[in-house]
Amino acid sequence: MFTILALAATAGYKLVWAEEFNKAGRPDPKNWTYEVGFIRNKEPQWYQPDNAWVEDGKLVIEGRRELKANPDYDPYSTDWRKKPLMARLTSACIKTKGLQAWTFGRFEARVKTKAEKGLWPAVWFLGVDKPWPQNGEIDLLEYYQDAFHANTAYGNPAVWDAVKTPYKDISKGDPNWDKQFHTWRMDWTPEYIRLYVDDRLLNETDIREVRNPDGFRPFHQPHYILINLALGATGGDTTHTQFPTRIEVDWVRVYQQK
């Protein structure tokens, strides 16, 4: 249910899409698809649908230390995705690609995620046209190596506008900060992308003149949402990470100007 504060925070906007995660079971297939396998960044986790579900009105993505056979295993391949015989970690990435995408608006997600070495949770966006990074990447929530990162990227090769905020600065000494839900927000207009947590501005990108070398404007096209819990790689060594571990999402809402 919307509160008076939530309505006030979206003055001048209308709700155009919401995922409240109120139906137990798999995430709504009208909104979400899954990534499967070893996907990007040489991350060691195997993404699979089994690690994502809805319970108690929340999306749960769970990272586990478990063995998973790699069906693409090829000991002679030079592709990092085919080299491992087994995955030793599993997790999930869900996305609205091909189902839901938007250009401009206010995007909010209410999320609880642990700040622990080895974890790389993210709520982020990719453009529907062009390969990465030419399609434009927006990182609303990204945590790794004891800091939250609020970023945009585009171009070929990638041009980053990245801001790193240490966890101790975000949490301000609250030992329970990462045990609570927080609201992550993006305000995206034809002029700028602003990224917030609990109304605190973390980064602003002026996109008025942002173009790829071919002249394409990646942040003036529709973007879709991804939610994932990556493990290891840039997230750090998982040797002492406590498993199973979770990122939980209470809701995701998209508003656009009236």
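## The enclosed cavity

Sorted by class, the residues lining the largest cavity come to 3 nonpolar, 3 polar and 2 charged. This is a predicted model, and a search through the whole of it turns up 1 cavity of 30 Å³ or more. The space inside that largest cavity amounts to about 30 Å³.

Here is the lining by name, if you would like to select it in your viewer: Val111, Lys112, Thr113, Trp177, Asp178, Gln180, His182 and Trp184. Two elements, strand E8 (105-113) and strand E13 (182-188), each give two or more residues to this lining. Strand E8 has the largest share, with 3 residues.

## The largest pocket

Let us turn to the open space. The largest pocket holds about 410 Å³. Its lining is made up of 25 residues, and those closest to the pocket centre are Arg40, Asn41, Trp124, Glu137 and Glu142.

What is the chemical make-up of the lining of the largest pocket, in nonpolar, polar and charged residues? The split is 12 nonpolar, 6 polar and 7 charged. As for secondary structure, at least two lining residues come from each of strand E9 (119-127), strand E10 (137-144), strand E12 (158-166) and strand E16. Strand E9 gives the most, supplying 5 residues.

## Histidine 223

Strand E16, one of the elements supplying the pocket lining, covers residues 223-231 and includes histidine 223. Is histidine 223 buried or exposed? The relative accessible area of histidine 223 is 0%, and because the limit for a buried residue is under 20%, this histidine counts as buried.

Which backbone atoms does the side chain of histidine 223 reach? One is the backbone oxygen of glycine 136, at 3.1 Å. Another is the backbone oxygen of glutamine 221, also at 3.1 Å. Both pairs fall within the 3.5 Å limit used for a polar contact.

## Neighbours of histidine 223

Leaving aside residues up to four places away in sequence, histidine 223 touches Gln100, Ala101, Trp102, Phe125, Leu126, Gly127, Asn135, Gly136, Ile138, Trp188 and Pro218. Gly136 therefore appears twice in the picture of this buried histidine: as one of the residues touched, and as the owner of a backbone oxygen that the histidine side chain reaches.

Several of these neighbours can be placed on strands already mentioned. Phe125, Leu126 and Gly127 are among the residues touched, and they fall in strand E9 (119-127). Ile138, another residue in contact with histidine 223, belongs to strand E10 (137-144). Trp188, also touched by histidine 223, sits in strand E13 (182-188).

Note on methods. Residues are numbered from 1 along each chain as its sequence is written. This is a predicted model: local features need pLDDT of at least 70, side-chain atom pairs count only at pLDDT 80 or more; totals for chains, interfaces and linings use all residues. Side-chain values use heavy atoms; hydrogens and water are left out. Helices (H or I, at least four residues) and strands (E, at least two) are DSSP runs, numbered from the N terminus. Buried means under 20% relative accessible area, exposed over 50%, partly exposed in between (1.4 Å probe, protein chains only). A polar contact is a pair of N or O atoms within 3.5 Å; within protein, one must be able to donate a hydrogen and the other to accept it, and residues adjacent in sequence count only if both atoms are side-chain atoms. Contact means heavy atoms within 4.5 Å. On a 1 Å grid over the protein atoms alone, a cavity is a set of points where a 1.4 Å probe fits but cannot get out, and a pocket is an open set with protein on both sides within 12 Å along at least five of seven lines; lining residues have an atom within 4 Å of a point. Grid points are joined across faces, edges and corners, and a volume is the space filled by probe spheres set on the points. Ala, Val, Leu, Ile, Met, Phe, Trp, Tyr, Cys and Pro count as nonpolar, Asp, Glu, Lys and Arg as charged, and the others, Gly among them, as polar.
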